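Reader: I have a structure open and would like to talk it through, starting with the ligand. Could you take my questions one at a time?

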Amino acid sequence: MMRQVTVIEHLLLHQKENPLATGNFTRLLNELILAAKIISRAVNKAGLMNVLGETGEINVQGEQVQKLDELANRVLIHRLQRAGVLCAMASEENADLIDVPDQYGKGKYFLVFDPLDGSSNIDANVSIGTIFSIYRVKDPERATLSELLQKGEEQVAAGYFLYGSSTMLVYTTGDGVHGFTLDPSVGEFLLSHPNIKIPKSGKIYSVNEGYSAFWDEQTRKTIEIFKTASEKTYSLRYIGSLVADFHRTLLYGGIFMYPKDSRDPKKTHGKLRLLYEANPMAFIVEQAGGMAIDGSRRILSIQPEDLHQRVPLFIGSSKEVQKVAEIYQN
Ligand code: P6P
């Protein structure tokens with residue numbers, strides 16, 4: 001029986017070598033954890049709390065806003081405004097930066113989050129998640145958008161909460177990837193997956209093949225290699241919820257792909273967002289020994305130009321992502 005280690009205990013154990021640890025990051029993580037527990041409770045009772053279904057509103061992404069989406073967004077904003085350590089916040093559900101009022105104190109961190117990713121699956125009881133990404137801001141007083149739009153390699157921490165058969169937190173602060181499982185009987189996330197490493201190669205590829213008619217030639221060739229591979233037979237698994245598809249890829253190996261396609265002229269670079277989805281998952285996968293590219297570029301090296309910029313995403317085991325990179329290079 002593994003000794004019960006909480007997230008904060010684990011963080012402090014790892015932080016003890018870090019003289020910069022002031023406790024502010026711990027406060028931020030604590031508020032994120034509290035928000036996730038509240039969201040987890042709502043998700044687990046969704047069918048009973050009349051929060052299923054759509055609000056009828058459309059968000060900045062042009063997507064139907066689900067009631068749980070809205071609740072998750074509200075909870076995160078409310079809690080994190082009171083953390084007293086942020087100079088700015090950005091949510092995938094909000095068009096612009098979210099204000100952090102002075103009354104609760106401010107700090108040097110910039111928090112980016114997707115409050116409830118995979119929300120189109122909510123009514124079908126499929127696993128969904130909250131994704132977060134944390135940056136340090138050099139001059140918090142001048143937290144202008146250009147100051148905040150940093151490359152993914154500048155992230156201080158990134159992670160996700162997965163609301164599935166159990167509620168999990170998987171995150172990294174640049175010192176490996178660690179997984180914690182919520183024990184509802186004590187209300188704590190306890191260390192369950194220390195130092196996660198993605199297999200160098202896997203047997204699962206994950207992509208929405210329904211869009212193949214809208215892919216360019218290189219993308220078609222890429223997906224083809226996983227359908228006709230001689231050295232092994234790949235299986236296709238696709239849940240349509242990034243956090244669930246990514247979590248399976250991280251633990252089992254293989255590759256998740258969301259290429260660009262020509263369905264929507266407004267989304268010529270694919271559907272997934274650089275700041276809210278690609279960057280946090282790329283930081284995690286690299287820390288676990290994997291890779292993440294947009295086809296040709298390393299995701300973490302891309303300089304964001306816009307809060308809601310979209311990128312194609314190929315992420316997972318280094319062997320499979322390398323295969324994709326070779327095709328796009330030729
Ligand atoms: P499609 C959910 O809406 C999401 O943003 C990700 O969680 C998921 O990977 C993707 O969209 C699924 O998109 O076009 O395959 O339904």
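Reader: Which residues come nearest to the ligand?
Author: Of the 14 residues around the ligand (a heavy atom within 4 Å of it), those that come nearest are D117, Y211, Y238, L242 and Y258. This is a predicted model, where local features need pLDDT of at least 70, side-chain atom pairs count only at pLDDT 80 or more, and totals for chains, interfaces and linings use all residues. Residues are numbered from 1 along each chain as its sequence is written, and side-chain values use heavy atoms, with hydrogens and water left out.

Reader: And how far is the side chain of D117 from an oxygen atom of the ligand?
Author: An N or O atom in the D117 side chain is 2.4 Å from a ligand oxygen, while N208 has a polar side-chain atom 2.9 Å from an oxygen of the ligand and K271 has one at 3.0 Å from a ligand oxygen.

Reader: Switching topic, how many salt bridges are there in the whole structure?
Author: A search finds 19, counting a side-chain nitrogen of Lys or Arg within 4 Å of a carboxyl oxygen of Asp or Glu. One salt bridge joins the side chains of E231 and K323, at 2.7 Å from N to O.

Reader: What does the pair tie together?
Author: E231 is in the loop between α5 (217-227) and β11 (235-236), and K323 is in helix α8 (residues 318-329), so the pair ties together parts 92 residues apart in sequence. Helices (H or I, at least four residues) and strands (E, at least two) are DSSP runs, numbered from the N terminus.

Note on methods: A polar contact is a pair of N or O atoms within 3.5 Å; within protein, one must be able to donate a hydrogen and the other to accept it, and residues adjacent in sequence count only if both atoms are side-chain atoms.
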